[in-house]
Amino acid sequence: MRRATFLALVLGLTVSAWLIAWVGAGQVAGAVLVAGVHGILAITLFNVIPIALCGIAWCALIEPAPPRANLLMTWVRFLRSSVSELVPIGGELVGIRVMILNGIDSRTAGATTVVDMTLELASQLAFTALGLVLLVLDGRDDTLAAWSLVGLGVAVATAVAFLVIQQRGLFRWLEALPHRIAAGMSWARLPELAGIDGEIHAIYRRPRALLMGVLWHSVGWIVGIGEAWLALWFLDAPVGFAEVLIIESLAFALRSAAFVVPGALGVQEGGYIALGALFGLGPDVALALSLLKRAREVLLAVPALLAWKLVELRAWRRRAVAAPYAS
């Protein structure tokens, strides 16, 4: 598994480097410099909004909710998203760990993570479908629209299979998964998530919580379009709302399909070049858009990793202080 991930990473880096060389490193660098540091900071700060919306969506699944639940789950979602950009699956484990440290029982932490991922996938499929409808109505590229519809069909089938697996109880193996995955990691001493399967079923019996989760995630996807729109504005290549929605919905679908490639390296860059060309964006601008997003990911991921380490350090200190009294 690690070898496959490493090979996918190398391949992604190779494709990214080749695309930059093909377009022209000078042209791409020039486009990025147009946006400048202020552009990178702007889209980084803007990203707080969709993260908060996703945190609220996750919070809707937790019952009973802890104090200042929306704020806590926004923080947990920030850690989960940022760490996942660098460490596959690691973000979910960190999220579960931080929830437990903040007083949420392990079953609820594990079950809500699984269900939240499912609802986010469902809302993303709706978001992609909306982009496809707009692309078909636009009529610029029927071939791309046709292939995108095929891809959406595969994604829907995958999502349905994921949901069926949960409903049929085959998800019981997840009860010990975090511990098994993290067995060799000194930081991740997670308790066995006994009863997670039953907790997942209990959440699915709360339609209002599911509806609120999907709605908040859907709002998050729509609001998240603003990041690309803002980046293109700083790149002096403004594009209309509907066009940005098409580009972003299909680009995110490509990223999700390329989950085996860390950070969807190469896939994201190639996707933006192909999609941007539909609306008059040059390959240098499309690559600059992708690189601005990469810069935002790093700017968020590094503080998130440091914050996670601080959380673990505080937890270790509390255990160290309590140990003499316990004995």
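How many salt bridges does the count come to in this protein? The answer is 11, and several of them are worth a look one by one. Before that, a word on the model itself, which is predicted.

## The model as a whole

Welcome to an all-helix layout: the protein has 13 helices and zero strands. Read from the N terminus, the elements run α-α-α-α-α-α-α-α-α-α-α-α-α. The chain holds 327 residues, and 47% of them count as buried. Its accessible surface comes to about 16,100 Å², with carbon and sulfur atoms supplying 71% of that area. Among contacts with a separation of 6 or more, 75% are between residues 24 or more positions apart.

The average pLDDT is 79, and 70% of the residues score at least 70. Please keep one stretch in mind: over residues 185-191 the pLDDT is below 50, and in the model this stretch has 15 contacts beyond near neighbours in sequence.

## Salt bridges between helices

Here are three of the salt bridges, with the distance between their N and O atoms.

| Salt bridge | N to O distance |
|---|---|
| Glu120 and Arg80 | 3.3 Å |
| Lys293 and Glu248 | 2.4 Å |
| Arg294 and Glu269 | 2.9 Å |

Let us take them in turn. Glu120 forms a salt bridge with Arg80. This pair links distant parts of the chain, with Glu120 in helix H6 and Arg80 in helix H4 (residues 69-84), 40 residues apart. Both Glu120 and Arg80 are buried.

The side chains of Lys293 and Glu248 also meet in a salt bridge. Here the link runs from Lys293 in helix H13 to Glu248 in helix H11 (residues 241-257), and the two are 45 residues apart. Lys293 is buried, as is Glu248.

Next along helix H13 comes Arg294, whose partner in a salt bridge is Glu269. Glu269 belongs to helix H12 (residues 267-278) while Arg294 lies in H13, so the pair ties together parts that are 25 residues apart in sequence. Arg294 and Glu269 are both buried.

Which residues are joined into one network by salt bridges that share partners? They are Arg77, Arg80, Glu92, Asp116 and Glu120. The Glu120 and Arg80 pair from the table therefore has both of its residues in this network.

## Two polar side chains of helix H6

Helix H6 spans residues 106-138, and Thr108 is one of its residues. Is Thr108 buried or exposed? Its relative accessible area is 7%, and buried means under 20%, so Thr108 counts as buried. The Thr108 side chain makes a polar contact with the side chain of Asp105, at 2.8 Å. Leaving aside neighbours within four places in sequence, Thr108 is in contact with Ile62 and Glu199.

Glu199 leads us to helix H9, where it is one of the buried residues. H9 covers residues 196-204, and seven of its nine residues are buried, so this helix is largely enclosed by the rest of the structure. Alongside Glu199, the buried residues of H9 are Ile196, Asp197, Ile200, His201, Ile203 and Tyr204.

Back in helix H6 we find Ser123. With a relative accessible area of 2%, Ser123 is buried. Which side chain does the side chain of Ser123 meet in a polar contact? The partner is Trp221, at 3.0 Å. Not counting residues up to four places away in sequence, Ser123 touches Val214, His217, Ser218 and Trp221.

## A nonpolar patch on the surface

Finally, let us step outside. Val37, Leu41 and Leu299 form a nonpolar patch on the surface, and together they have about 270 Å² of accessible area. Val37 is found in helix H2 (residues 25-46), whereas Leu299 lies in helix H13 (residues 283-326).

How do these two residues count by accessibility? Val37 has a relative accessible area of 60%; because exposed means over 50%, Val37 is exposed. Leu299, at 40%, counts as partly exposed.

Val37 also has a partner to look up in the viewer: its C-alpha atom and that of Leu292 are separated by 9.7 Å, although the two residues are 255 residues apart along the chain.

How values were computed
Residues numbered from 1 in each chain as written. Predicted model: local features only at pLDDT ≥ 70, side-chain atom pairs only at ≥ 80, totals over all residues. Heavy atoms only, no water. Patch = residues over 30% accessible without salt bridge, like charges linked within 9 Å, V, L, I, M, F, W, Y side chains within 5 Å. Areas by Shrake-Rupley, 256 points an atom, 1.4 Å probe, with all protein chains shown as cover. Salt bridge = Lys/Arg side-chain N within 4 Å of Asp/Glu carboxyl O. Helix = DSSP H or I, 4+ residues; strand = E, 2+ residues; numbered from the N terminus. Buried < 20%, exposed > 50% of the residue type's maximum accessible area, 1.4 Å probe, protein only. Polar contact = N/O pair within 3.5 Å; in protein donor to acceptor, adjacent residues only side chain to side chain. Contact = heavy atoms within 4.5 Å. pLDDT = per-residue confidence, 0-100.
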